[in-house]
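Work through the exercises below with the sequence and model open. Try each task before reading its solution.

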Amino acid sequence: MYPPKIGYVIPDSIEEAIEFLEQHEDARPLAGGHSLIPALKLRIIRPSYIVEIRRFQQLNYVKREGNIYKIGALTTHYDMIKSNVPLLSDAAKTIGDPQVRNMGTIGGVVSHLDPAADYPASLIAMDAKVLIRSKKGQRLVDFKDFAKDMFTPDLNPGELVTEIQVPAFDGYKFSYQKLERRAGDYAIVGVAVLLKVNGSRVEDARIGLTAVNNVAVRAKGAEEELIGRELTEEVVEKASTRAMESANPTSDIRGSAEYKKKMVKVLVKRGINQALGGVRK
Amino acid sequence: MKIIDKDQKAKITLKVNGEVHEVEVEPRRLLVHVLRDLGYTSVHVGCDTSNCGACTVIMNGRSVKSCTVLAVEAEGADILTVEGLSKDGKLHPIQEAFWDNHGLQCGYCTPGMIMEAYWLLKENPNPSEEDIREGISGNLCRCTGYQNIVKAIKDASLRLNQKEYPRQ
């Protein structure tokens with residue numbers, strides 16, 4: 001299956017890439033290509049030009065500055081796994097398969113915004129920010145505002161995601177739980193849990209859900225049930241039940257809406273327990 | 001900046017198994033097809049949807065599915081296929097291990113399995129059975145002969161960890 005006829009642009013610098021993308025609204029940047037090339041083959045998109053940005057390896061980095069992790073847009077899932085960023089490194093392990101993780105990038109995931117992608121559960125739970133570059137300069141937006149709808153990022157022509165920023169959440173316990181039926185598939189339900197506990201009392205709770213709405217959401221009801229409470233079995237049960245309030249899944253080949261909603265409860269519970277157990281999976 | 005229009009061809013250089021090739025390709029041409037046309041027919045087109053892994057090759061040190069890489073994107077890349085594994089008529093230890101453990105049935109997935117095993121063992125020279133199964137999760141064997149493939153990769157890891165590679 002060939003992609004449709006496309007033009008190909010090899011820019012010498014990120015500035016040139018941005019300039020070309022601004023002048024050609026229907027051109028698309030190529031990072032890892034593991035969503036873009038399948039979409040080309042399926043004729044879901046027919047861009048005039050593909051603009052290669054993959055070679056700008058200066059955008060492949062993970063660094064910690066103060067309390068913030070800064071992640072270059074071209075950081076592959078493979079590199080994310082090695083970088084030990086809370087939640088995101090765990091989520092990276094569950095993406096696709098080894099070959100996909102060798103190519104796919106975090107910037108690609110964020111710009112593509114598949115509703116069932118893995119990172120968004122963590123990004124929303126962590127209050128991630130997205131750094132966007134254009135000819136006019138840079139702007140930093142909250143991921144929750146950036147993800148306007150499925151496959152609909154807040155990106156204008158000539159704008160390129162260059163960095164993702166997440167707070168370090170030192171002292172938090174965390175877990176990413178993914179339900180998948182086939183190895184390497186997208187999530188049926190994905191849950192990211194971040195907990196700050198003092199003894200058995202919960203000081204802060206952040207729970208992100210992916211694949212059960214058009215975009216990733218926080219399970220606010222569940223968080224409310226946890227914050228300020230002693231962690232008993234009853235509290236965990238109540239919180240995971242309330243997580244279902246935040247899920248509005250659709251029925252598809254991966255499962256019925258009803259099933260997915262119930263799985264949200266199961267995975268939130270699992271996530272909380274795993275986070276508390278401190279077992280890194 | 002280099003712009004290749006959709007009806008133009010780009011001249012690219014690929015180093016495959018140490019041999020340098022210059023080819024002209026349309027921007028939409030996939031790496032898997034270019035490799036096959038160059039004679040590296042171990043690289044199989046299976047599902048053509050980034051699922052099955054039959055097209056797996058090592059590109060610049062990492063395993064990739066060559067059906068999901070544009071040939072233009074691979075410009076200047078160093079590529080390794082199964083054809084490049086054996087040296088002086090002697091099979092690579094991974095190939096020998098697949099042979100000795102009957103790690104193949106119809107053989108269609110085998111080149112992809114071997115290249116993924118190559119990457120897996122480079123990353124993790126002493127994999128557990130679970131590591132191996134996770135490691136080849138991007139490669140499908142429709143004969144479902146996974147048991148012997150897993151055994152072969154484990155055996156290959158032992159052979160590679162020894163200085164010499166004795167046959168069983």
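**Exercise 1. Strand pairing across the chains**

Find how β1(A) and strand β1 (residues 2-4) of chain B run relative to one another, parallel or antiparallel, and how many bridges join them.

Solution. The model is predicted.
- Step 1: take the direction. β1(A) and β1(B) run antiparallel.
- Step 2: count the bridges. Three of them join the two strands.
- Step 3: pick a pair. A:Val9 has B:Ile3 in β1(B) as its bridge partner.

**Exercise 2. The A–B contact**

Describe the side of chain A that touches chain B: its residue count, its elements and its classes.

Solution.
- Step 1: count residues. Chain A brings 29 residues into contact with 27 residues of chain B. A contact here requires C-beta atoms within 7 Å.
- Step 2: list the elements of chain A that give two or more residues to this side. They are β1 (7-10), α2 (36-41), β3 (49-52) and α5 (98-103).
- Step 3: find the top contributor. α5(A) gives the largest share, five residues.
- Step 4: sort by class. This side of chain A holds 17 nonpolar, six polar and six charged residues.

**Exercise 3. Domains of chain A**

Divide chain A into domains, then characterise the side of domain 2 that touches domain 3.

Solution.
- Step 1: set the bounds. Domain 1 of chain A covers 7-52, domain 2 covers 57-167 and domain 3 covers 174-276.
- Step 2: take the separation. The C-alpha centres of domain 2 and domain 3 of chain A are 21 Å apart.
- Step 3: count the contact. Domain 2 of chain A supplies 23 residues and domain 3 of chain A supplies 22 residues.
- Step 4: assign elements on the domain 2 side. α4 (88-93), α7 (119-125) and β8 (147-149) of chain A each supply at least two residues. The largest share, six residues, belongs to α7(A).
- Step 5: sort by class. The domain 2 side has 15 nonpolar, three polar and five charged residues.

**Exercise 4. A hairpin and its open strand**

Work out how β6(A) and β7(A) are connected, and whether β7(A) is largely buried or lies largely in the open.

Solution.
- Step 1: identify the motif. β6(A) and β7(A) make a hairpin, with two residues between them.
- Step 2: check the pairing. Strand β6 (residues 129-134) of chain A pairs with β7(A) in the antiparallel sense, over six bridges. A:Leu131 stands opposite A:Leu140 in β7(A).
- Step 3: test burial. A buried residue needs 20 or more other C-beta atoms within 10 Å of its own. Strand β7 (residues 137-142) of chain A has six residues, and the number buried is zero, so this strand lies largely in the open.

Key:
Residues numbered from 1 in each chain as written. Chains lettered and ligands numbered in written order. Predicted model: local features only at pLDDT ≥ 70, side-chain atom pairs only at ≥ 80, totals over all residues. Domains from an automatic or database assignment. Contact = placed C-beta atoms within 7 Å. Helix = DSSP H or I, 4+ residues; strand = E, 2+ residues; numbered from the N terminus. Nonpolar A, V, L, I, M, F, W, Y, C, P; charged D, E, K, R; others polar. Buried ≥ 20, exposed ≤ 12 C-beta atoms within 10 Å, placed from the backbone. Pairing = 2+ DSSP bridges.
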